Structures are given as C-alpha cells and as structure tokens.
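Work through the exercises below with the sequence and the model side by side. Each task is followed by a solution in steps.

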Amino acid sequence: MKENHFLCPTCRGQLIPNNKIVLSAQKENGEKGLILIDPTLGEYSAITHKNFNLSDGEHLKVFCPICHADLSEKSNPEDLAKVVMINGEEEETTIIFSIIVGKKCTYKVYGNRIEIFGSDADMHINFWGEEANY
Ligand SMILES: [Zn+2]
C-alpha cells in the first residue's frame, strides 16, 4: 500500500515521523500537549499523555509541532482544522477535520470535490454550501 504523507499547510513539514500524525494541541483551559492521530481517514483514535486528558465535546486548538502555525480552518476556526495530504500518486489534497473531541468528521477536499469520512460528517456540509460527491 502506498502511504499518504501529511504536511503542515504553512511550513510543509512532515507531520508523521513514524505511523501517527503528531499535532500540538491546546484545550479550552489553556493546557497544552501533544496528540497522536491515526492517519487513516475515518479513524479517530487519538493518543495523548495520561496527564493530558481530552473530554468529549471539548474544543481544541491545534498547531503544527514544527513551526507552531495555527492549523484552524479559516471558514470555521472553532470547529475545524486542516492539514495537507499527499497520496501515493503525488496528488495533493486538503484534509479538514473536527477539532471537537469525540466528533467524528473528516473532509478530503480535492479541487471542488469533497469526500466525507466519519459518522458526524454531515454537520458542516450546509455551512460550506457543498454537496457530497460519492
Ligand atoms: Zn508548520
């Protein structure tokens, strides 16, 4: 299987040193920590240190661990963040994902096409005024 690469949209640094996406996260109470995310689209297992507990419904801010750029999606910075994905065919897409803990939604944006992953994914579709392409 060809692997996908995930890059910071600002510095284009590699966000997967091994097999998880690494992001720097900040909770509503200001606590900061690293979060490891499964790079499989539609998988939502996230690993954090035991002292950096995430509760469902909590809004996070996420930052590039390399250049510290805020990864919030401009159109909806409270709920969504984005990274760049380069697939095995060297195609570049934007991956937009929920930064609300426990909300399962991910969008793969390729030109004007959107592919949707996750059980909570339709919550933002109207906001974008876009329909899904299957
Ligand atoms: Zn960066």
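Two strands pair if DSSP finds at least two bridges between them. Helices (H or I, at least four residues) and strands (E, at least two) are DSSP runs, numbered from the N terminus. The model is a predicted one: local features need pLDDT of at least 70, side-chain atom pairs count only at pLDDT 80 or more, and totals for chains, interfaces and linings use all residues. Residue numbers start from 1 along each chain as its sequence is written.

**Exercise 1. The four-stranded sheet**

Task: Find the strand order of the open sheet of four strands, and state how β3 and β4 pair.

Solution.
- Step 1. The order is β4-β3-β2-β5, and the pairing is antiparallel.
- Step 2. At the edges are β4 (46-48) and β5, each of which pairs on one side only.
- Step 3. Neighbouring strands here are turned by 40 degrees against each other on average, direction ignored. For such angles, axes are lines fitted to C-alpha atoms (for helices over the stretch in contact), and angles run from 0 to 180 degrees between N-to-C directions.
- Step 4. Three bridges link β3 and β4 in the antiparallel sense. I35 has T48 in β4 as its bridge partner.

**Exercise 2. The five-stranded sheet**

Task: Give the order of the five strands in the other open sheet, and explain why one side of β1 and of β9 lacks a neighbour.

Solution.
- Step 1. The strands follow the order β1-β6-β7-β8-β9 with antiparallel pairing.
- Step 2. β1 and β9 (113-117) are edge strands with a single partner strand each, so one side of each has no neighbour in the sheet.
- Step 3. On average, neighbouring strands of this sheet are turned by 30 degrees against each other, direction ignored.
- Step 4. At one edge, β1 is joined to β6 by three bridges, antiparallel; F6 has M85 in β6 as its bridge partner.
- Step 5. At the other edge, five antiparallel bridges join β8 (residues 106-110) to β9, and K108 stands opposite E115 in β9.
- Step 6. β8 and β9 form a hairpin with two residues between them, and G111 in the turn has a positive phi of about 60 degrees.

**Exercise 3. The nonpolar core**

Task: Which elements give two or more residues to the largest nonpolar core?

Solution.
- Step 1. A nonpolar core is a set of buried Ala, Val, Leu, Ile, Met, Phe, Trp, Tyr and Cys residues joined through C-beta atoms within 7 Å. A residue is buried if 20 or more other C-beta atoms lie within 10 Å of its own, exposed if 12 or fewer, and partly exposed in between, with C-beta atoms placed from the backbone.
- Step 2. The largest core has 22 residues; L15, L23, V62, L71, A81 and V83 have the most contacts inside it.
- Step 3. The elements are β2, β3 (32-37), β5, β6 and β7 (92-98). β6 gives the most, with four residues.
- Step 4. Contact means C-beta atoms, placed from the backbone, within 7 Å. Leaving aside neighbours within four places in sequence, the contacts of L15 include F6, I21 and V83.

**Exercise 4. Loop residues**

Task: Is H68 buried or exposed?

Solution.
- Step 1. H68 is in the loop between β5 (61-63) and β6 (80-86).
- Step 2. H68 counts as exposed because it has 12 C-beta neighbours inside 10 Å.
- Step 3. The phi of H68 is positive, near 65 degrees, although the residue is not a glycine.
- Step 4. D70 lies in the loop between β5 and β6, and touches K61 and F63, not counting residues up to four places away in sequence.

Notes. Contact = placed C-beta atoms within 7 Å.
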